[in-house]
Amino acid sequence: MAKDPTQKPVLLSGIQPTNNLTLGNYLGAIKNWVKLQNDYQCYFMAVDLHAITTPQDPKLLAERTYRVLATYLASGIDPKQAMLFVQSHVPEHSELAWIMTCFSTMGELSRMTQFKDKADKEGKHIPSGLFVYPTLMAADILLYQTNLVPVGQDQKQHLELTREIAIRMNNRFQTELFAVPEPFIAKIGAKIMDLQNPTNKMGKSETSKGTLFLTESDDEISKKVKRAVTDSGSDITYEDSKPGLKNLLSIQAALTGNPIEGIVASYRDKQYGQLKVETADLVVNAIRPLREETERLMKDRGELDRILKLGATRAREVAHTTLEKVQELLGFVRPMGS
Ligand code: TYM
């Protein structure tokens, strides 16, 4: 679709309100959004439709949806510029998702590693929603003519599929129906690992002692970091064969913005213990203000609702235009006068 050249490019991203957010969500996603927000027209969502691809407690889902929004605000996202909204408040997402499902193949969806991982955990009864999850994500992105999608490493494959669908539909209808989005995956922080199991991604699993939740107290965070599994040897180096050290150094680099080489050099002739203590302090000091501000905002439901309503109203105008265009191209009839 034709774009006004004076407009900023479009950036969109989202987080599932499943469980509390982690340091991985913050460093892999939100922190980059804050940095990029002035150069783009931004859309940031709490993706509740995605969350229900696995069973959710309704009360907790509602609580966590607000908490996702509060965390965005506490991290420094400016609601006057960005559109902050809940995915299900803009019904065009579900409508376009169905169309995207019809423009993707079983083969493509079966290859998604996130589906394979999650399906393994669900055992015999795999919800169909998990399978078509990426087509909903494609709809989220393509509805807004998005140019850039800042995400962690684990979402790269979904982005590739989104691009495929956009190109496929543009070719099919011989028009620039959708902008073809680029992923933004930061060099450092795009895959924070579990502190106890540093070859696995830091996930949201409640039981994991290796996950740092943004809701945790200073003491809990500090203990978890100090108990992080590190590797054999005594030199502090940044390499794949030392995933525990690599993770702690990456966390430091992502939090401070300092280059890895400088951080590694500062630990020459120092012990693992010192790295852990200093990383713990950095993480505690980064999460504390975020947690306190999130808690303060959580008490102001009226303000959160106001921001969400405004975000959804503004987002819907754009989403509706894209959806109508798609429907028209598909040949969906519109009775005269409607
Ligand atoms: P979700 O909710 O699993 O994760 C939200 C964001 O956090 C990133 N992330 C991590 N980054 C670094 N290290 C980690 N350990 C880590 N864990 C999570 C994720 O890569 C993601 O950027 N499908 C998406 C949500 C979504 C979305 C979208 C994203 C729905 N629609 C449209 C972008 C655009 C998801 O499940 O993210």
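## Helix H6: two sides

In this predicted model, helix H6 spans residues 113-122, and Gln114, Phe115 and Ala119 are buried in it. These three residues lie on the same side of H6, because they cover an arc of only 125 degrees around the axis. The other side of H6 carries Asp120 and Lys121, which are exposed.

What do the buried residues of H6 pack against? Their partners are three stretches of the chain: helix H5 (106-110), helix H7 (128-142) and helix H8 (156-173).

## The end of H6

Just after H6 comes Gly123. The phi angle of Gly123 is positive, at about 75 degrees.

## Helices H1 and H10

A second packing arrangement involves helix H1 (residues 23-36) and helix H10 (residues 243-256). Their axes are 11 Å apart, and the helices pack at an angle of about 45 degrees. H1 is therefore oblique to H10. Is the crossing left-handed or right-handed? H1 passes H10 in a left-handed crossing.

Which residues meet where H1 and H10 pack? From H1 come Leu23, Leu27 and Lys31, and from H10 come Ile251, Ala254 and Leu255. Sorted by class, this contact of H1 with H10 has five nonpolar residues, one charged residue and no polar residues. The charged residue is Lys31, because Lys counts as charged, while Leu, Ile and Ala count as nonpolar.

Key:
Residues numbered from 1 in each chain as written. Predicted model: local features only at pLDDT ≥ 70, side-chain atom pairs only at ≥ 80, totals over all residues. Heavy atoms only, no water. Buried < 20%, exposed > 50% of the residue type's maximum accessible area, 1.4 Å probe, protein only. Helix = DSSP H or I, 4+ residues; strand = E, 2+ residues; numbered from the N terminus. Arc of directions from axis to C-beta. Contact = heavy atoms within 4.5 Å. Axes fitted to C-alpha atoms, helices over the stretch in contact; angles between N-to-C directions. Parallel < 35°, antiparallel > 145°, perpendicular 65-115°, else oblique. Left-handed = near helix turned anticlockwise from the far one by under 90°.
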